[in-house]
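Visitor: I have a structure open in front of me and would enjoy a guided look at it. Could we go through it together, one stop at a time?

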Amino acid sequence: MIQVHDYTMTIGGKAVAGDTSFAVLNPANEQVIGHAPDASPAQLDAAVAAARAAFPAWSATPIDQRRQALLGIAGVLAGNVEELKRLLTSEQGKPHADAMGDILGGAYWCQATSTLELPVTVTEDTTERRGETRHVPIGVVGAIAPWNFPIILAMFKVAPALLAGNTVVLKPSPFTPLTTLRLGELLRGVLPDGVLNIVTGGDDLGPWMTSHPGIDKVSFTGSTQTGRKVMASAASTLKRVTLELGGNDAAIVMPDVDVTQVAEQLFWAAFRNTGQICIATKRMYVHKDIYEPLKDAIVAYATTVKMGDGAEQGTQLGPIQNKLQYQRVLDLIEDAKSKGYKFLIGGEKSEAPGYFVPVTIIDNPPENSRIVQEEQFGPVLPLLKFDDLDEVIGKANATEYGLGGSVWSADEDRALEIAARLATGTVWINESQHLSPLAAFGGHKQSGVGVEGALEGLLEYTNAQTIFVKKKAA
């Protein structure tokens, strides 16, 4: 059992308590498990000042030493995974195994990012002049991480920002601040003071960061609605932005799949992390020839999956992480009930403590229904029947979102043709949700601006600088 503990921010390498604090709840039982500092504007100013003071030396540090710093973060994450996974489960709700994946995934992201190189491109080399373009750090990065994967998604930002030579002010979600604060405590002395600062606070802290004149770039992961506000706020100082936002990912399941083989995979494509994944399948289009048997197979598998407290052995799905999202998911279910849609499983509110919503699958609701058109971000899935391939591709693309999608077929060439027609940043064929630190990940349309991962993601944390040298006459 996690004891209630007060955690401190890390500013300039030092422990800093807030003038006030706020309680953090375990979403499985709604009990207080800890307190996090509620940073004041002056404390944010201090964190930004610490990052700016550390920037000249850090940006001048040889990149091989910056690589070692990333490996140091990875080592701290991996070396403390048992403590951190329990803390993460207590504040986020996910099972211990998934919490361990979040933390070790963050370690892996740091390790793999450390292998990337900043390119230098020779643009001209003649008898008259030499020109080359290199990539220099931007300055102070404000990194704002979400509550669904607090550690790995923070490392999506921290690792490339630090490797490129920037310094960072990291803000975790107020729903899941504790593991990140604890990581900051463990990293004191591992990184130079001020290179990575961690601050926590309520709803005001994010807007303070996005409008702060001392922050040069904002990297944000969260909802599209909030992303618009981040972009508008950052515009006042022309901050660079990377925004990884919402999705309404469609899966297209062709009639040639092996129903018994894909049913379990399709279930987890939608319901992993209790559906609280931006790249989870949110709409599942199934060809009419296999709709009935696949529907039955997915529902049958769903009945075998254990939902409960993530700290309990055998739990596979935890609660919704916070009350606001819990109420939103319940509202979508109530809307579907009021319209008379058919529920294949679930749909009933749990009477147990905690923010639990049972796995809920809705049978072929109308295309214009809220559960099809909106991002549910919870364990509710519409199954949709299709016949015409061109029509279903049009439906998959008829959304403001463009984050990811998947195609399921025994014919790989045909699946590739379908994938090329989907207007999304990532498409998976016969799998879902695989990401790599060596592959670019980002959204089309209103699912984001910029990318994370790989060289493209690293360059998001740099400015291009071209230098021309006029050669002496021969």
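What follows is a set of questions and answers about this predicted model.

Visitor: Let's start with charge pairs. How many salt bridges does the structure hold?

Guide: Happy to begin there. A pair counts when a side-chain nitrogen of Lys or Arg is within 4 Å of a carboxyl oxygen of Asp or Glu. By that criterion, the number of salt bridges in the structure is 30.

Visitor: Which residue forms a salt bridge with Arg-129?

Guide: Arg-129 is partly exposed, at 25% relative accessibility. Its partner is partly exposed as well, at 23%. The closest N and O atoms of the pair are 3.2 Å apart, and the partner is Glu-124.

Visitor: Now to a helix. How far apart along helix H11 are Glu-334 and Lys-337, in helical turns?

Guide: These two side chains meet in a salt bridge, with an N to O distance of 3.8 Å. Both are partly exposed: Glu-334 has 45% relative accessibility, and Lys-337 has 32%. Because they are three residues apart in helix H11 (residues 323-338), their separation is about one helical turn.

Visitor: And which residue does Glu-391 pair with in a salt bridge?

Guide: Look at helix H13 (residues 389-397), which holds both partners, four residues apart and about one turn of the helix from each other. Glu-391 is partly exposed at 45% relative accessibility, and its partner is partly exposed at 27%. The closest N and O atoms are 3.5 Å apart, and the partner is Lys-395.

Visitor: Which residues do shared salt-bridge partners join into one network?

Guide: Here the salt bridges have partners in common, and that links four side chains. The network consists of Asp-125, Arg-130, Glu-132 and Lys-471.

Visitor: What about a charge without a salt bridge: how far from Glu-244 is the nearest side chain of opposite charge?

Guide: Glu-244 sits in strand S12 (residues 240-244) and is buried. Setting aside neighbours within four places in sequence, its contacts include Phe-220, Cys-278, Leu-403, Phe-441 and another acidic residue, Glu-452. Glu-244 has no salt bridge, and the nearest side chain of opposite charge, Lys-157, lies at a distance of 6.5 Å.

Visitor: Let's move to the surface. Is Glu-417 buried or exposed?

Guide: You can find Glu-417 in helix H14 (residues 412-420). It belongs to a negative surface patch together with Asp-256, Asp-411, Glu-412 and Asp-413. Exposed means over 50% relative accessible area. Because Glu-417 has a relative accessible area of 56%, it counts as exposed.

Visitor: Is Ser-114 buried or exposed?

Guide: Ser-114 lies in the loop between helix H4 (96-113) and strand S6 (121-125). Not counting residues up to four places away in sequence, it touches Arg-67, Leu-70, Leu-71 and Leu-163. Buried means under 20% relative accessible area. Ser-114 has 6%, so it is buried.

Visitor: How far apart in space are Ser-114 and Leu-162, C-alpha to C-alpha?

Guide: In sequence, Ser-114 and Leu-162 are 48 residues apart. In space, C-alpha to C-alpha, their separation is 9.6 Å.

Visitor: What is the relative accessible area of Thr-360?

Guide: Thr-360 is placed in strand S16. Leaving aside neighbours within four places in sequence, it is in contact with residues including Phe-271, Ile-333, Phe-343, Ile-345, Val-380 and Leu-381. Thr-360 is buried, and its relative accessible area is 0%.

Visitor: A little further on, what is the phi value of Asn-364?

Guide: Asn-364 is in the loop between strand S16 (360-363) and helix H12 (370-373). With 35% relative accessibility, Asn-364 is partly exposed. Its phi is positive in a residue other than glycine, with a value near 50°.

Visitor: One last backbone question: what is the phi of Gln-433?

Guide: Gln-433 is located in the loop between strand S19 (426-429) and strand S20 (448-449). Gln-433 is buried, with a relative accessible area of 13%. Although Gln-433 is not a glycine, its phi is positive, at about 70°.

How values were computed
Residues are numbered from 1 along each chain as its sequence is written. This is a predicted model: local features need pLDDT of at least 70, side-chain atom pairs count only at pLDDT 80 or more; totals for chains, interfaces and linings use all residues. Side-chain values use heavy atoms; hydrogens and water are left out. Patches are made of residues with over 30% relative accessible area and no salt bridge: like charges are joined within 9 Å, nonpolar side chains (Val, Leu, Ile, Met, Phe, Trp, Tyr) within 5 Å. Accessible areas come from the Shrake-Rupley method with a 1.4 Å probe; for residues, only the protein chains shown count as cover. Lys and Arg count as positive and Asp and Glu as negative; His and the chain ends are not counted. The place of a charge is taken as NZ of Lys, CZ of Arg, CG of Asp or CD of Glu. Helices (H or I, at least four residues) and strands (E, at least two) are DSSP runs, numbered from the N terminus. Buried means under 20% relative accessible area, exposed over 50%, partly exposed in between (1.4 Å probe, protein chains only). Contact means heavy atoms within 4.5 Å.
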